[in-house]
Amino acid sequence: MGIDLHCHSTHSDGSLSPTDLIKLALTNQATMISITDHDTVSAYRDLPSEIGLHLVPGVEFSSAWRNLDVHVVGLNVDPYVVDMTLVCNEQAKRRLRRAEKIAKKLLSKKLIGSVDAALEGVKKIAKGGTIGRPHFAQYLVEMGSCSDTGAAFKLYLSAGKIGDVKDEWPHMREVVGWIKSLGGVPVLAHPAKYKASLSKLVSMVEDFKSFGGRSIEVASGYQNPETTKLLAGICTRFSLSASCGSDFHSLEKRWSQLGKTQNLPAVCKPVWDEWS
Ligand code: AMP
Ligand code: MN
Ligand code: MN
Ligand code: MN
């Protein structure tokens, strides 16, 4: 379809710079993309002078809903206003506090040598981007505590494991409010990735809409077509628009190709109708 409204650059946990992401998007014949880094819009200060496609300013905020980390993408936000800088700075502080807690947990299992060295290590790996669990995964591999980053997540960093620290993110209501006040469209990211039961997912969407959410990612990354159909049904039931995004992070993850997303089912109202 050539529209990809969810991907990551080196400004968070992606492996390509914004310039290289845009180059790849053009190679893959994308016509509209959004770079949606975790809790930062700094990619939008690091763009090439010639873009050559419709770049929709975006961000992926981390939030809390019940016992889950829920991600809310903000599309068509203004990345240059002071309020955006303020909320991103708050999120960066939360990420640092969380990183310290993660490091303490990993130390308690003797997976790292010291909290300070681990914090230095993950900052070096993140190269100035927002610090997240993928950087810890890489650090655990560098330390020889895990054979690869997949194992690091499986054993220590994924939901419910020791390095999964939950108490830092603002409530989904607050994050949806930020996006609205920044002029953007709040989109519930990758709804099928929360491992929630169908009734819990429906409650999540119901709450999301009541807080002012407007859209859900009906097509996310590589996804079973049955899941896409189910999400399209939820989307129309709640009169929300539909978004699509690869959640591309790096070329090594071959199941998620930049600019290659499933077509939205015909019943869906595309999110880009909200700004174009
Ligand atoms: P964080 O933003 O620190 O909560 O880290 C979440 C990020 O970790 C996601 O955006 C993915 O890029 C990555 N991630 C989450 N779960 C896994 C997993 N099981 N294996 C590999 N990467 C993962
Ligand atoms: Mn990520
Ligand atoms: Mn996400
Ligand atoms: Mn993402």
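Contact here means that heavy atoms lie within 4.5 Å. The structure under consideration is a predicted model.

In this sense of contact, the cover over the buried residues of helix α1 includes β2 (32–33) and β3 (54–55). The helix spans residues 18–27, and its buried positions are P18, L21, I22, L24 and A25. Viewed down the axis of α1, these buried residues fall within an arc of 160°, so they line one face of the helix. The face turned away from that buried side carries K23 and T27, both of which are exposed. Just after α1, Q29 adopts a positive phi of about 65°.

The manganese ion (ligand 2) has three protein donors: D13 through OD, H38 through NE2 and H249 through NE2. These donors lie 2.1 to 2.2 Å from the ion. Along the chain, the donors of the manganese ion (ligand 2) follow the spacing D-x24-H-x210-H. Distant parts of the chain are linked in this way, with D13 placed in the loop between β1 (3–4) and α1 and H249 in the segment after β8 (241–245), 236 residues apart.

Burial is assigned under 20% relative accessible area. D13 has a relative accessible area of 18% and is therefore buried. H249 likewise counts as buried, at 12% relative accessibility. The manganese ion (ligand 2) is separated from the manganese ion (ligand 3) by 5.7 Å.

Conventions: Residues numbered from 1 in each chain as written. Chains lettered and ligands numbered in written order. Predicted model: local features only at pLDDT ≥ 70, side-chain atom pairs only at ≥ 80, totals over all residues. Heavy atoms only, no water. Buried < 20%, exposed > 50% of the residue type's maximum accessible area, 1.4 Å probe, protein only. Helix = DSSP H or I, 4+ residues; strand = E, 2+ residues; numbered from the N terminus. Arc of directions from axis to C-beta. Donors = N, O, S within 2.8 Å, 3.2 Å for Na, K, Ca; no water.
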